[in-house]
Every structure is written in structure tokens, then in C-alpha cells.
Amino acid sequence: MASSRLEVSDCTVGPTDRPNPKFPWKLLLALVILKIALHLVASHGGWFRDELYYVACARRLSWSYVDHPSFSVLLLRGLLWASASLEALRWFAATCGALTLAGVVLLGRQLGADPRTALVAGLAVFSSPIFAGVHGFYSMNALEPIFWIAIALLAIGALQASNVRAACIAWAAAGLVGTVGFHNKVSMLWMIAPLVALASLVSSGKSSIRLTPLLALALVAVGSLPWLYWQMTHGFPAAEFVRNATQLKMQHSSPLTFIPQQLISAGPLTCLLSAYGAFAGLRGQLGSPAFVLGGVVAANAILLTASPAARSYYLVPAHTLGIALGAAALSRTVFLTKHRVLSASLASLLFVLQLAGIPLAVPLLPASATARYVTLLPVGVPREERSAPAVLPQHLADRYGWNELADLVQVTWASLPSDIRARTVVVTANYGQAAALELFLNATTRPTIASVHNQYWYWARPQEWDEAFLLIGFPEKDARGQFSEVRRLATFRCDWCREDGAPILLARFPRLPAASLWAQMKRFI
């Protein structure tokens, strides 16, 4: 009896019934340069909150951290060795954006997109606010799409392999890339799991070839063991972090809110291409690789749409696959050939609508101009966290105020009596505050700095502390429940940042031993 498996059209990848014009590489190069220039021109504001935290992590390498794996931090350690400037980090993030754009175009070509629609895919990436936001500063999210695109290209080669050896090599390479990608961000599993499952269903030939996709999954599983060991030996803080963030930090969404957020954040051109590409791939008429990648896009879209705590940018790596698939599908659409003027007009309109959101994704304008621009838009900027709202969108507000906060803390700490100042530990409510103080205060004269937030909690040494603390950003009511003496020394003010109103408290004589108090103050969120 013949073994059962899912039948998908094995048509040749790429249209074969029309001429294949020369690809305009100069136009692609110009688009890549524009992508880099966009981020270098967007220079208002300073360090982003998470960038400060990543720098603090890079000084303390580990196999994992409470809220992220280790690869992006290890890479940052190397970048900081080469240049410790913010400009160097932004150059790197912009380069990641350029590679993502070029990778989407290349992936689209591999799936059968003609030069015209492949460039439309590149324009969609360039003009998408969510892609601009992800590549506007250094983070694991700037790197993540590159891993997805690389694995997709390897998967195409594996699915087109004619023998077991070739398929094994391709899937092994995909597994190695996936392992590094997992140590960049655990959500790599959102690609690997559906990719391997669907590839196993559609792989043609003998059963031995149909098993080769499992090699990629096995390599990722083995490669994840250092992360898993760190989590086990620390009591699985990542699980606590996700639980707390879902319940206490994130704005809950529903399909009725997540989908409109995508249209605003990703842009209508990106959403149209991605959705159409996933649909066309799942129909099975673009070949087995397109079916598999379309299934990955659909699985991620369903998962995130149904998740109450999903952020808009979580779908960015899946959009890279969807946009490439959309470009390939459009190449086969007769409508584009018959109605070229109408199609070009519609694409241009969607492109312009996406571009209108760019100033809300990266700091192209001064803060005051951005605030005015927000008021002119017919739709509001989606909020994804429950923290106190700022005048600017959250990811722009988090670039302001850090130097000023450090200056105020320095002045406040220096104003303490010398006998108290020598024994005072500065404790912050979040990692952005602590990392800013570490970066901007003089390393030889600054006080001990600690934070209750995420990985900073592990770095503290409460057993070495005395009885005086300078608390940054803690509610005064909470502090009075933990210390016998609390006095407000200052209040931080900032027009554009989210730290506006943060109190600076002198707290003395903790009601519990410092180690016990520290255990109570832990904040994984």
C-alpha cells in the first residue's frame, strides 16, 4: 500500500510562461541604501531603554537572562569592544534592516517573484513602520528576521533536494541557523515547529527523505540545552517573566484589536502582501516550499491573533516570509498584467499610507514636532503596555530623559551627609534607570547601583548592604511599608519620557534583613 502524504503541486518555483527580465540590482541597492539612510537620519533622542539594559547585560555574560537568551548580548559585547558609541549600535541595527530588506527580495525571487513584484516587496519592507521601528535601535528583534529568512532559503533548497544527502545537508544547516536564532530569541520555535511539521508532510520521495526535516528540529533541541540548563538552575525565571508580563504589563488584545493594530503598525501594503502570500502558498499552487512557508505565516498569525498579550512587532519575522510569498503570488496574477495602471496606483497609495507612519516609528522629527504630528493623525497610536502614557509613542518616549535622570541622581546622592552617603545604595524600579546610571555616572565615584527588575535582581549583593538606600521610581507608599524612615528628596521631571514624575526617596532602616527584603522586591516583568 502506498504511504499517505499531503499532495501539493510540485510546479517549478517561479513562472515559466513569460520572459524573465534582468533583475534591476541598482534599484535594489538604492533601496538598501535608503533603508540605512532612514535610520541614520532618525537621530533625535538618545539611548533606547532596552539598549541601555543590553549594554549592562553585555558586561555580565551568561548563558541566558531572565527576559531573553544570550546571542544578541554576546554579539553586542563584540560590538562594544570595537566601538562603545551609540552611533555604532545604530549603524548595526540599520544594517540588519538593510539585510532584511534584501533578504525578503531574494526570498521572493527564489519563490518565483518577477523583478517588478520583488521590488514591491522591498518597498513594503522599506515603508513599513513596524520594520522601521524594529531596526531603529539595537535589539534581538533587529536580528530575528534575518534568521527566519536564512532558514526559509535553506528550507527551499532542502525541499527541492533530489536525494537524502542533499536534503540532510540543507536541513542540518537550517538547524544550525535555528539554534543560533533560538539563542537570539526563543520565539524561533514559532518558525521551526510548523516548518518542520509541514515540510515532513510535503517532502517527496522515500520515507527517509520525509524524515530529514526532523534533523533541523533535533539540532535546535540539542542546541537549546545551555539555555534550558540555566533556566532550570535559576528556577525558570523566564516562565515567571512571561506570566507577570501577560497579567500585569501588557495591554490585552483580541482579534478585533490585533488585526487593526497590524494595519496601523505594519501598514496596509505589508499586510495585504503578507496575507495574500500566505493564502496563495497554502493553496498549493506555488509549489511545496511556498506551501510550507505559507503555513508558517498562517500559524504565527493565528497564534498571535489569539494571544491576549501579543505585541504588534511579534509578527515581523513572519511578515518577511509573507511579503516574499505575496510577491511570488502577484507575479502569477493576471489582474496585474491587464490593469497595470490601476495596480500601480493602488500599490502607490498603500505605499504612501505606510510611509505616513514612519515618523511614529523612528525619531525623524524632534519630540515636539512628533507630538504635534500624533494629533494630526486620524487614528491613535496603539498602546501595548499598561504603564503611564507619555506624550510620544512609547518606543520614542523611551529614548528621552536618561542623561537628565542620571544628573539628578548624582546631585541628590552628593547632597546627602557624608556619613550616610558612603553607606547608601541606589536601587531603581526598572532596568532602564539602573543601566542609565551605570552608563552615565562616573564609574570611579558613583554609588553602588542595583535594581529589582529582571536580570538586575540577580546581580545585586544585598548581604553586603547597610541601612541606607536611595530609591528611584518606587511609589512612596510602598517604600514606607518596607522601611522605617522614608523621605522624598526630589522628583524627576521630563517632558517627553516615561520616567516623568519618578520620585527619588531616601529610605533607611529596612523592616527586614536586606536579603529577605530583596527577595520580596523581585520584579520579573
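A residue is called buried when its relative accessible area is under 20%, exposed when that area is over 50%, and partly exposed in between. The structure described here is a predicted model, and the terms just given help to place one of its helices.

**Helix α5**

In helix α5, the buried residues are Pro 115, Thr 117, Ala 118, Leu 119, Ala 121, Gly 122, Ala 124, Val 125, Phe 126 and Ser 127. Because 10 of the 13 residues of α5 are buried, this helix is largely enclosed by the rest of the structure. Its length can be checked as well: at 1.5 Å a residue, the 13 residues of α5 (residues 115–127) should span 18 Å, and the end C-alpha atoms are indeed 18 Å apart, which agrees. At the start of α5, the backbone nitrogen of Arg 116 has a side-chain oxygen of Asp 114 within 3.1 Å.

**The sheet and its helices**

Further along the chain, five strands form an open sheet with mixed pairing, in the order β2-β1-β3-β5-β4. Strands β2 and β4 stand at the edges and have a single partner strand each, so one side of each is left without a neighbour in the sheet. From one strand to the next, the twist averages 25 degrees.

Strands β1 and β2 pair in the parallel sense over four bridges, and Thr 428 has Ser 451 in β2 as its bridge partner. Together with helix α24, these two strands make a right-handed β-α-β unit. Another helix, α22, lies across β1, β3, β4 and β5, and runs at about 155 degrees to β3.

The residue ranges of several of these elements are collected here.

| Element | Residues |
|---|---|
| Strand β1 | residues 424–428 |
| Strand β2 | residues 448–451 |
| Strand β4 | residues 483–491 |
| Strand β5 | residues 503–510 |
| Helix α22 | residues 402–414 |
| Helix α24 | residues 431–440 |

**A loop residue**

Where does Pro 475 lie in the chain? Pro 475 is found in the loop between β3 (468–472) and α26 (476–482). With a relative accessible area of 44%, Pro 475 is partly exposed, because that class takes in values between 20% and 50%. The C-alpha atom of Pro 475 is separated by 45 Å from that of Ala 275, and the two residues are 200 residues apart along the chain.

How values were computed: Residues are numbered from 1 along each chain as its sequence is written. This is a predicted model: local features need pLDDT of at least 70, side-chain atom pairs count only at pLDDT 80 or more; totals for chains, interfaces and linings use all residues. Side-chain values use heavy atoms; hydrogens and water are left out. Two strands pair if DSSP finds at least two bridges between them. A crossover is right-handed if, with the strands pointing away from the viewer, the path from the first strand over the helix to the second runs clockwise. The expected span of a helix is 1.5 Å times one less than its number of residues. Buried means under 20% relative accessible area, exposed over 50%, partly exposed in between (1.4 Å probe, protein chains only). A polar contact is a pair of N or O atoms within 3.5 Å; within protein, one must be able to donate a hydrogen and the other to accept it, and residues adjacent in sequence count only if both atoms are side-chain atoms. Axes are lines fitted to C-alpha atoms, for helices over the stretch in contact, and angles run from 0 to 180 degrees between N-to-C directions. Contact means heavy atoms within 4.5 Å.
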